[in-house]
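Biologist: I would like to test the labels put on this model. Show it, and then I will ask what stands behind each one.

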Amino acid sequence: MHEQRSPSFEADIRPLFRDLDVEHMRPLNVFLDDYGFMSKPENATMVLDFLTGKKEPKMPPGGPFWSQEQLDLLARWMDAGYPK
Ligand code: HEM
């Protein structure tokens, strides 16, 4: 396996969320654009679980749902220890 650069929140994760996602979730106290929120393991895990459909309703409601590549990127960022 060749080595991959760790994803960072600013460069790789924040851009996965559309303005629509950020704006719809903020009133529900889910701060998708906020590193302080997203870097808490329980919050990132909850977000990932809604994106995969492990928790319902699968997000974003009605889709388009994230590709496996996008889901893997989020999971890899979490595994890497939430780099900013
Ligand atoms: C902690 C994780 C999350 C929870 C608990 C959550 C929960 C909810 C709930 C309860 C609603 C309103 C009910 C509904 O429209 O079905 C909603 C709406 C929405 N969520 Fe999430 N969500 C989460 C993460 C996300 C993520 C990661 C995205 C996108 C990447 C997202 C995008 C949206 C959008 C766009 C809406 C508005 C849908 C509309 O009004 O048409 N949410 N979410």
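Biologist: Why does Tyr 82 count as buried?

Modeller: Tyr 82 has 14% relative accessibility. Buried means under 20% relative accessible area, exposed over 50%, and partly exposed in between, with a 1.4 Å probe and protein chains only. The 14% of Tyr 82 is under the first cut-off, so buried is the label.

Biologist: What should I know about the model itself?

Modeller: It is predicted: local features need pLDDT of at least 70, side-chain atom pairs need 80 or more, and totals for chains, interfaces and linings use all residues. Residues are numbered from 1 along each chain as its sequence is written, and side-chain values use heavy atoms, with hydrogens and water left out.

Biologist: Where is Tyr 82, and what is notable about its phi?

Modeller: Tyr 82 sits in the segment after H5. Its phi is positive, about 60 degrees, although Tyr 82 is not a glycine. Helices are DSSP runs (H or I, at least four residues), numbered from the N terminus; strands are E runs of at least two.

Biologist: Which label does Asn 29 get, buried or exposed?

Modeller: Exposed: the relative accessible area of Asn 29 is 54%, above the exposed cut-off. Asn 29 is another non-glycine with a positive phi, about 65 degrees. It lies in the loop between H2 and helix H3 (35–38). Val 30 is found in that loop too. Val 30 has 16%, which puts it among the buried residues.

Biologist: What makes the contact of Asp 12 and Arg 5 a salt bridge?

Modeller: The N to O distance between the two side chains is 3.4 Å. A salt bridge needs a side-chain nitrogen of Lys or Arg within 4 Å of a carboxyl oxygen of Asp or Glu. The pair is Arg with Asp and 3.4 Å is within the limit, so the name applies.

Biologist: How do you know which partner is buried and which is exposed?

Modeller: Asp 12 has 17% relative accessibility and therefore counts as buried. Arg 5 has 59%, so Arg 5 is exposed.

Biologist: How many salt bridges are there?

Modeller: Four. One of them joins Asp 21 and Arg 18 at 2.8 Å, N to O. Asp 21 is buried at 12%. Arg 18, at 35%, counts as partly exposed because that value falls in the middle range. Another joins Asp 33 to Arg 26, with the closest N and O atoms 3.4 Å apart. Both partners are partly exposed: Asp 33 at 29%, Arg 26 at 38%.

Biologist: What makes Met 25 and Met 59 donors to the iron atom of the ligand?

Modeller: Their SD atoms coordinate the iron at 2.2 to 2.4 Å. Donors are N, O and S atoms within 2.8 Å of the metal (3.2 Å for Na, K and Ca); water is not among the atoms, so sites may look incomplete. Both SD atoms pass. The pair links distant parts of the chain: Met 25 is in helix H2, Met 59 in the loop between H4 and helix H5 (68–79), 34 residues apart. Met 25 is buried at 18%.

Biologist: Why is the iron site called octahedral?

Modeller: The iron has six donor atoms, with angles of 83 to 179 degrees among them. Six donors count as octahedral if opposite ones are over 155 degrees apart and all others between 65 and 115. The site meets that test, so it is octahedral.

Biologist: What makes the largest pocket a pocket, and what is its volume?

Modeller: A pocket is an open set of points on a 1 Å grid over the protein atoms alone, where a 1.4 Å probe fits, with protein on both sides within 12 Å along at least five of seven lines; lining residues have an atom within 4 Å of a point. The volume, the space filled by probe spheres set on the points, is about 320 Å³. Of the 17 lining residues, the closest to the centre are Met 25, Leu 32, Met 59, Pro 60 and Pro 61. Helices H2 (19–25) and H4 (41–52) each supply at least two lining residues.

Biologist: How does the lining divide?

Modeller: Into 13 nonpolar, two polar and two charged residues. Nonpolar covers Ala, Val, Leu, Ile, Met, Phe, Trp, Tyr, Cys and Pro; charged covers Asp, Glu, Lys and Arg; the others, Gly among them, are polar.

Biologist: Which peptide bonds in front of Pro 57 and Pro 64 do you find, cis or trans?

Modeller: Cis for Glu 56 to Pro 57, with omega near 5 degrees. Cis also for Gly 63 to Pro 64, with omega near 0 degrees. Pro 57 lies in the loop between H4 and H5, and Pro 64 is found there as well.

Key. Tetrahedral: all angles 85-135°; square planar, octahedral: opposite > 155°, others 65-115°.
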